[in-house]
Amino acid sequence: MIATVYNRKNPFQARLSRMEVLTKPGSSKDTRHFEIDLSGSSMEYEPGDSLALQPQNDPALVSSLLDLIGADPEQMVGEKTLFETLHDDLTITEPGPRLIDAIKKETPGSSFADAMDDPARKAMYLYGRDVLDLLGEHPEIRFTADTLLPLLKPLQVRLYSISSSLRACPEQVHLTVATVTYESHGRARGGVASTWLAERLADHTRIPVYIQPNKRFRLPENDAPIIMCGPGTGVAPFRAFVQERRVQGTNSKAWLFFGEQHRSSEFFYEEEWNAALQDGSLTKLTTAFSRDQAHKIYVQHKMMEEGAEFWKWLDEGAIFYVCGDKTRMAADVDAALHQLIEKHGGKTDEGAKEYVEAMKKEHRYHRDVY
Ligand SMILES: Cc1cc2nc3c(=O)[nH]c(=O)nc-3n(C[C@H](O)[C@H](O)[C@H](O)COP(=O)(O)OP(=O)(O)OC[C@H]3O[C@@H](n4cnc5c(N)ncnc54)[C@H](O)[C@@H]3O)c2cc1C
């Protein structure tokens, strides 16, 4: 039998089988564990891969947009209603270039048009504004469904690092997702996919999914030690790694750095890590809870604190994996890696750079950051 290939054009319609809120009372965040049922799909993935999923927009936001332009939600657009089209297929949170250009053209000489010609002012103006904001701020332009729809971008899939091993959890895929919520211009807003998963999935909802392989982010095929750095939701692929090691009975050395704000409310999967330390699928766990003391402690500080042992593992050929926040964490962790190699490996600044370059060439330094 030839296995069906699922992709963006032909996703598998999966179902949520379990959801658990990982953050506990007292946390300022909302991070959740999702278990998605793949039965009937024969879908396969490896630890390190991501799941792509096609989300749906918030129906309340779709209704507000339709109210604003005075359009009939039931009006047909091809085979779907106007409401369904905006709900399922188009980006209504982030205004795209065609909508911006159309408004600019209709408002020559306006402060909006001027701001759109200046990249810095443009970015500042657009930050935290959605399609509803832009249309609301330009009531002089009378958009209709026919003129608005072609100006909207298609609704994009979102990627999530898979936090399970298929061999440990047959016919399932697990995700660890931080719900994105914020307030902007006096209105509460939410990330499309993360709030859809957290707040709007009904029993019958199908989740269109496919696997996005990441062939570079893999467990080693030999006995090389591994060091994993995954603060926040960055821990997701490392849960998959540890599960896989347990199923395979791998007992080479594995060290996990995990970080969040508070131990009491954000120590995701704590019991699983403790069990893994017991059975040897994890050798060492180092945590950094940034707000549990007066001064902030992050994973990069713990790497430095444990620098001598970190260097020993590297010297034994350890592979270093980093997953999570691209904006700050990845750079801070990279700087800490250079510093500890310099300090404990007895190298100059230049020597540490060369060592890290060699790690990259030898596929011993992998980053999956977003
Ligand atoms: C390879 C890969 C793996 C990933 N793995 C994970 C994972 O394991 N877990 C996980 O949680 N995420 C993961 N992500 C991120 C994930 O894909 C989504 O980007 C994330 O969930 C947000 O998507 P969303 O649809 O909820 O939000 P979107 O609708 O995409 O909204 C996010 C946008 O909202 C805006 N925004 C956010 N906060 C504010 C604010 N305060 N003020 C103004 N604007 C704001 C920003 O423009 C931001 O880009 C991964 C990404 C990649 C590329």
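Student: Hi! Which helices and strands each supply at least two residues of the shell around the ligand?

Tutor: Hello! Keep in mind that this is a predicted model. In the model, three strands and one helix do that: β6 (158-161), β7 (172-178), β8 (181-184) and α8 (192-199).

Student: Nice. Which of them gives the most to the shell?

Tutor: That would be β6, with four residues.

Student: And which residues come nearest to the ligand?

Tutor: There are 23 residues around the ligand, and those that come nearest are Tyr 182, Gly 191, Ala 193, Ser 194 and Tyr 370.

Student: I'm thinking about a force field setup. How many of the shell residues are nonpolar, polar or charged?

Tutor: The shell around the ligand has 12 nonpolar residues, nine polar ones and two charged ones.

Student: Back to β8 for a second. How does β8 run against β9, parallel or antiparallel?

Tutor: Antiparallel, with four bridges joining β8 to β9 (residues 187-190). Within that pair, Glu 183 stands opposite Ala 188 in β9.

Student: What about the hairpin of β8 and β9, which residue there takes a positive phi?

Tutor: His 185 does, with a phi near 50°. The hairpin has two residues between the strands.

Student: New topic: what is the strand order in the open sheet of five strands?

Tutor: The order is β13-β12-β11-β14-β15, and the pairing is parallel. At the edges stand β13 (284-289) and β15 (365-369); each has a single partner strand, so one side of each is left without a neighbour in the sheet.

Student: How much are neighbouring strands of this sheet turned against each other?

Tutor: By 10° on average, with direction ignored.

Student: And how many bridges join β14 to β15?

Tutor: Five, between β15 and β14 (residues 319-324), and the two strands run parallel. If you want a spot to look at in the viewer, Tyr 321 stands opposite His 366 in β15.

Student: Remind me, what do strands of a sheet pair through?

Tutor: Backbone hydrogen bonds, in either a parallel or an antiparallel way.

Student: Let's zoom out. How many helices and strands does the protein chain have?

Tutor: The chain has 15 helices and 15 strands. Along the principal axes, its C-alpha atoms fill a box of roughly 65 × 55 × 40 Å.

Student: What share of the chain is buried?

Tutor: Buried residues make up 33% of the 370 residues.

Student: Last one: among contacts between residues at least 6 apart in sequence, what percentage join residues at least 24 apart?

Tutor: In the protein chain, 75% of those contacts do.

Key:
Residues numbered from 1 in each chain as written. Predicted model: local features only at pLDDT ≥ 70, side-chain atom pairs only at ≥ 80, totals over all residues. Pairing = 2+ DSSP bridges. Axes fitted to C-alpha atoms, helices over the stretch in contact; angles between N-to-C directions. Near = placed C-beta within 6 Å. Nonpolar A, V, L, I, M, F, W, Y, C, P; charged D, E, K, R; others polar. Buried ≥ 20, exposed ≤ 12 C-beta atoms within 10 Å, placed from the backbone. Contact = placed C-beta atoms within 7 Å.
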